[in-house]
Amino acid sequence: MAISPLLVARIQHAFPAPVRTRFVTALEEAYETACDKWTPETGSIPQTFGMDVWAAATFQLKRVAEDTDLAIDVEYHLNRTTLRRDGLFLSFYRVGHSADEDIRTCFPNNRHAAPQLARNNLQLDIFLDGDPDPGAPVDLVLAHLGNHDRGLEAVYLCVPTAAEGEQLTEWGHYELLWRRDGLAAGGARTRMPQPSAPAPEVPIGEPAIRLKTDRAASQE
């Protein structure tokens, strides 16, 4: 089920093209760090690569949030880091390995915090055409796909809206931020295209008090 168009506009306003580009660059650097550490001859396995991506992505995205011009806050809970802007809470998870995978069927392996994000959102009227509370705290996911051979493959900004048991199962909305379509001349990575028009301005209210949830699980 699609989310409210006004919530889509609110997301685009809170995370415009320059911020999205910074996110993609941070994730590229994180994957480069993890790929540099990939040494199967000394014991690297897919699980250690996933942990290296998670640690480097956390470090790089926190550096983005430290740029005071972006007005992004950081929330910490045990091993989990969340970025916050205009009442929108952005978690980040690796959800696949290749840009060819369909984001509609790619979800985090995390079985605790990730499904809870969808349950948080379902407590809100995020599917209505109207937006009675433009400052309501909504959980988003910066979903990235990549592997130890080619590094970062694709990045999406998603809204989780369904979970079954311990598995997140649906994105109510997703936007492609960047996708690897090969290498440009000179070996430079292709970059996210700039939008043809800016996102519409929407009023951003004061964030509501967020319900306390279990954030004990770490993310990939």
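## A buried pair of rings

Both Phe-15 and Phe-23 are buried, and in this predicted model the two residues form an aromatic pair of the tilted kind, with 6.0 Å from centre to centre and 50° between the planes. A search of the whole structure finds 5 aromatic pairs, and ring pairs also link Tyr-31, Trp-38 and Phe-49 into a cluster.

Setting aside its neighbours within four places in sequence, Phe-15 is in contact with Arg-20, Phe-23, Arg-85, Leu-88, Leu-90, Leu-140 and Leu-157.

## The chain as a whole

The chain holds 4 helices and 6 strands, and when it is read along the sequence these elements follow the pattern α-α-α-β-β-β-α-β-β-β. Of its 220 residues, 47% count as buried, while the chain exposes about 10700 Å², of which carbon and sulfur atoms supply 53%.

Among the contacts in the chain with a separation of 6 or more, 67% are accounted for by residues that stand 24 or more positions apart.

## The sheet

The strands form an open sheet of 6 strands, arranged in the order β1-β2-β3-β4-β5-β6 and with mixed pairing. At its edges are β1 (residues 73-77) and β6, each of which pairs on one side only. Neighbouring strands of the sheet are turned against each other by 35° on average, with direction ignored.

For β1 and β2, which run antiparallel, 5 bridges make the join; His-77 has its bridge partner in β2, namely Arg-80.

## Helices across the sheet

Two of the helices can be described by the strands that they cross. Helix α2 lies across β2, β3, β4, β5 and β6, and runs at about 110° to β5. Helix α4 likewise lies across β2, β3, β4, β5 and β6, but runs at about 55° to β5.

Helix α4, which spans residues 113-121, is mostly covered, since 7 of its 9 residues are buried. These buried residues are Ala-113, Ala-114, Pro-115, Leu-117, Ala-118, Asn-120 and Asn-121, and they pack against β2 (80-85), β3, β4, β5 and β6.

## The nonpolar cores

Which residues touch the most other members of the largest nonpolar core? Of the 38 residues in this core, they are Ile-11, Phe-15, Phe-23, Leu-140 and Leu-142, so that the two phenylalanines of the tilted ring pair appear again here. The elements that give two or more residues to the core are the helices α1 (5-14), α2 (17-36) and α3 (46-65), together with the strands β3 (88-96), β4 (138-147), β5 (151-164) and β6 (167-179). The largest share, 8 residues, comes from α2.

Apart from this core lies another one, of 17 residues, whose members include Ala-114, Val-141, Leu-145 and Trp-171. One of these, Ala-114, has already been named among the buried residues of α4.

Terms used. Residues are numbered from 1 along each chain as its sequence is written. This is a predicted model: local features need pLDDT of at least 70, side-chain atom pairs count only at pLDDT 80 or more; totals for chains, interfaces and linings use all residues. Side-chain values use heavy atoms; hydrogens and water are left out. A nonpolar core is a set of buried Ala, Val, Leu, Ile, Met, Phe, Trp, Tyr and Cys residues joined through side-chain atoms within 4.5 Å. Buried means under 20% relative accessible area, exposed over 50%, partly exposed in between (1.4 Å probe, protein chains only). Contact means heavy atoms within 4.5 Å. Two strands pair if DSSP finds at least two bridges between them. Axes are lines fitted to C-alpha atoms, for helices over the stretch in contact, and angles run from 0 to 180 degrees between N-to-C directions. Rings of Phe, Tyr and Trp (its six-membered ring) pair if their centres lie within 6.5 Å; planes under 30 degrees apart count as stacked, over 60 as edge-to-face and the rest as tilted. Accessible areas come from the Shrake-Rupley method with a 1.4 Å probe; for residues, only the protein chains shown count as cover.
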